[in-house]
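The sequence and the model are shown below. The paragraphs that follow go through the structure part by part.

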Amino acid sequence: EESYNPHASVDRWQKVWADQRVFEAEGLPDDRPRSYVVSMFPYPSGDLHMGHAEVYSISDGIARFLRMRGMNVLHPIGWDSFGLPAENAAFKRNLDPRDWTYRNIEVQAESFRKLGVSFDWRTRFHTSDPEYYRWNQWLFLRMFERGLAYRRSAPVNWCPVDRTVLANEQVVAGCCERCGSQVETRDLTQWFFRTTAYAQRLLDDMSELKETWPADVLAMQRNWIGRSEGAHIDFAIVGRDEPVRVFTTRPDTIFGVTFFVVAADSPLADELCAPQRRAEFEAYRAGLRTTSEADRLATDRPKTGVFLGRYAINPANEEQIPIYAADYVLASYGTGAVMAVPAHDQRDLDFARALGLPVRVVVDTGQPEPAETGAATSGGGTLVRSRHFDGMSSDVAAAAIVRELAERGFGEPAVTYRLRDWLLSRQRYWGTPIPIVHCENCGEVAVPDEELPVRLPESGYQLRSDTGQSPLASAKDWVEVACPSCGQPAHRDTDTMDTFVDSSWYFLRYPNPHYQDGPFDPAGIQRWLPVHEYIGGKEHATGHLMYARFLTKVLHDLGHLPFVEPFVRLTNQGQVIMNGKAMSKSLGNLVNLQDQIAQYGPDAVRVTMVFAGPPEEDIDWADVSPTGAVKWLTRVWRLAGEVDPATIDADPAQGDRDVRQAVHRLINDATAMMESKRLNVAIARLMELTSVLRRAVDRGCGPADPAVREGTESLTRMLSCFAPFTAEEAWERLGRQPSVCWAGWPEADPDLVATETITCIVQVDGKLRDRIDVPVDVSADALRSLALASQKVRHVLQGAAVANVIVRPPRVVNVVSAP
Ligand code: ANZ
Ligand code: ZN
């Protein structure tokens, strides 16, 4: 006797799908509505892991569902194949990163086939293909032309082990996200994209996403952009012509300023420092190199700083206040200088107490003295010790103070964002070369468009440098070129681009991945974009998702895209963890995807992933086992073989009514769950349906009833979203022609879904006036409203008031009119 084989023939079904072109978008003569379903593309650091299996099980469930519902679905696949891990791994094994990367891509592609993910493989590309990165360079040049790409010297995060600059997003708690070593600060000349020019639009356009993106991702982005409203105020400096500007959110506290602080690592601190304080200042500054930004901002950290031997003048009261350099003020936020108000700002208070500086309360909040409690009173209140502003509330005073200062030329209202420009330069080999030539006569010269791509040189990847120079600098033949503008000897820029550039627009290229006349095909954009369903991890909330939104707006402004937001709907998936911890080699708790597939088969692994919980929640692999899924799939498969072949053309309407009702209600529920992305609950409904059918076969109407066929075929069709191989086999056992993917998503018959109705008698003052059909389980409230809404009842009442309504659901209602 045959038995269910969880390792059903992958090759056989892949061939059927390929021959029938089941997953090709627009394969049919097409007037179907389109849906573009994209899962964040994989990084080829090895074979697929459990996390990949989860994302793609979810996105595939969604893609297959939409396809079965009659939509023309584009579910693409490509590879994010430039980047640091490939380079490091290649370096360790003394391989060309190309060989290593493209080999891994083939391994991953084969694993995707094994998992049965329904990609349209014609979309495939890799970001490390010159054909792709050429357009990174094109994009860079368009931004360069508009001043949106620029170079400046900046303190950067430097990882001493990976020997590279890191973006802020790659620094976690002061350490390198990749290798965990403590990050240092260095000054290098770097390329940036001017993301700050889009800060307000990144914020404003979130209104388009508020119904369709997870609220926590929107909140993270809002914080990351960090809009602050306040004022710029200029403080004159004794013995210096230029004033120094501060940003404050609390101009109402200006009479409480008792000292002034500049960021210790800023050029300004260096310049303001008096000669007699130089040695002390230099020593302090040297000690800062190893402290991360996050640590420096923390309120619970002891405050340190040095007096610079200079004084600022408070424009509100002409008081001279000492200037300090301290590390709790950041050079890169606001203006890098702060008017310190220790009574009302906790960090200023901590600093004042550490250095013995005065504390002056100027806003009465009703709370005890900060100088005594050590707790700054940071809320609003009534102004005191503030001359003619005394007695005003904080809000009113803030506006009045800024107005007066502005009239005297000392400041103006201002908005500041926490968002920084995007640091683009990487001193690495395995990335997109920056298409700029440096010429002594002409400066930074763009490589002409027709010379793109600037290809990576074949060698150079073995080199490491401690100077902060890129490995590309060692490829002399490549570096030395004639200036495109004047023809004199010049040299190429040797940095490569952050790989987040690659991933910030890749979804635009899938519809026509080999397009030659631009980064993406306008016709493809017209047909498919923006992305309707985007699926990926929450760890990308402030990185990739922000960059993609930024670049989409830039491309919109350049006239290349008709929309401003790239992802209409976002679904986050959780992580696969083990015993409450992230899986990692070092913890020794890695679960190997291939082992799981070898043991349980691809379908059971996929079902387990999706059934474990809502997509956005983490799955603890220690708490689940694919054994349960194997049992369930076996039951479905067996059922499919038991359905009587003679019923193949039977009319389901002739089937057992109770079974049909149960089937259609479960179809109805499962459909609603799929629509709201509660895929785990949808699977629970399919499991219930399996039990209903099992009972019907064993103890009810039996396998020859058309209702059993209808139910089993519906189950099989829905199952194909989660267990595509098993579903195909079951479909075949049911006597149907493959592929089940063409069979469509079953539709629930509303008559069968509706609960039973009964006729209710409606009386007015005890006399029968109407009959209405109501559900048997109608509530008293609902019945009361139905009765009062009856035309006949209203006609009899003629506007007379109702004294009482006696409701006996579901059979009788008596409306009693007022005498
Ligand atoms: C005086 C003051 C009084 C302030 C008071 C706050 C409370 P957010 O809301 O985060 O934008 N600040 C300005 N630039 C800074 C920098 N580069 N590094 C560290 N702190 C800086 O914070 C704005 C407030 O943070 C500003 O308002 C300034 O302190 C400080 F009762 O000015 B405030
Ligand atoms: Zn030149």
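How many residues lie between strand 11 and strand 12 in the hairpin that they form, and which residue in the turn has a positive phi? Six residues separate the two strands of this hairpin, and the residue in its turn with a positive phi, of about 65°, is glutamate 318. The model is a predicted one, and the hairpin is a convenient place to enter it.

Strand 11 covers residues 305-313, and strand 12 covers residues 320-326. The two run antiparallel and are paired over six bridges. Within this pairing, phenylalanine 307 has tyrosine 324 of strand 12 as its bridge partner, and glycine 305 is matched with alanine 326. Strand 12 is mostly covered, with six of its seven residues buried.

Each strand of the hairpin also has a further pairing. Strand 10 (residues 259-263) runs parallel to strand 12 and is joined to it by four bridges; here valine 262 is opposite alanine 325. On strand 11, the further pairing is with strand 8 (residues 227-237), in the antiparallel sense and over two bridges. Alanine 236 is the residue opposite isoleucine 313 of strand 11. Strands of a sheet pair through backbone hydrogen bonds, and the pairing may be parallel or antiparallel.

Strand 8 includes residues 227-237, and serine 228 leads on to the ligand. Ligand 1 is surrounded by 18 residues, of which Ser228, Thr248, Leu330, Tyr333 and Arg418 are the closest. A polar atom in the side chain of serine 228 is 2.5 Å from an oxygen atom of the ligand. Two backbone approaches can be added. Threonine 249 has a polar backbone atom 3.1 Å from an oxygen atom of ligand 1, while a polar backbone atom of leucine 330 is 2.8 Å from a nitrogen atom of the ligand.

Next come two open sheets. One has four strands in the order 4-3-7-17, paired antiparallel. Its edges are strand 4 (164-166) and strand 17 (422-423); each has a single partner strand, so one side of each has no neighbour in the sheet. Strand 3 (residues 149-159) and strand 7 (residues 184-193) are antiparallel and are joined by 10 bridges. One of the facing pairs brings together arginine 151 and tryptophan 191 of strand 7.

The other open sheet also consists of four antiparallel strands, in the order 20-19-22-21. Here strand 20 (443-446) and strand 21 (480-482) are at the edges, and because each has a single partner strand, one side of each is left without a neighbour in the sheet. On average, neighbouring strands of this sheet are turned by 45° against each other, direction ignored. Strand 19 (residues 436-439) pairs with strand 20 over four bridges, in the antiparallel sense, and isoleucine 436 is opposite alanine 446 of strand 20.

What do these sheets have to do with the nonpolar core? The largest nonpolar core has 82 residues, and Phe140, Tyr506 and Leu508 touch the most other members. Helix 5 (residues 130-145) contributes nine residues, the most to this core. Apart from its neighbours within four places in sequence, phenylalanine 140 is in contact with Ala149, Trp191, Phe193, Leu424, Ile434, Pro435, Ile436 and Met497. Among these contacts, Trp191 is the bridge partner of arginine 151, and Ile436 is the residue opposite alanine 446. Phenylalanine 140 thus touches residues from both open sheets. A second core, separate from this one, has 77 residues, including Val605, Ala682, Ala696 and Met718.

Glutamate 713 belongs to helix 22 (residues 706-719). Is its position buried or exposed? Glutamate 713 is buried, because its relative accessible area is 10% and the cut-off for burial is under 20%. Its side chain makes a polar contact of 2.7 Å with the side chain of arginine 736. Beyond four places in sequence, glutamate 713 is in contact with Trp731, Leu734 and Arg736.

Finally, the protein as a whole. There are 26 helices and 32 strands, and 55% of the 819 residues count as buried. The C-alpha trace spans about 100 × 90 × 50 Å along its principal axes. Among contacts in the protein with a separation of 6 or more, 72% are between residues 24 or more positions apart.

Terms used. Residues numbered from 1 in each chain as written. Chains lettered and ligands numbered in written order. Predicted model: local features only at pLDDT ≥ 70, side-chain atom pairs only at ≥ 80, totals over all residues. Heavy atoms only, no water. Core = buried A, V, L, I, M, F, W, Y, C linked by side-chain atoms within 4.5 Å. Buried < 20%, exposed > 50% of the residue type's maximum accessible area, 1.4 Å probe, protein only. Contact = heavy atoms within 4.5 Å. Pairing = 2+ DSSP bridges. Axes fitted to C-alpha atoms, helices over the stretch in contact; angles between N-to-C directions. Polar contact = N/O pair within 3.5 Å; in protein donor to acceptor, adjacent residues only side chain to side chain. Near = heavy atom within 4 Å.
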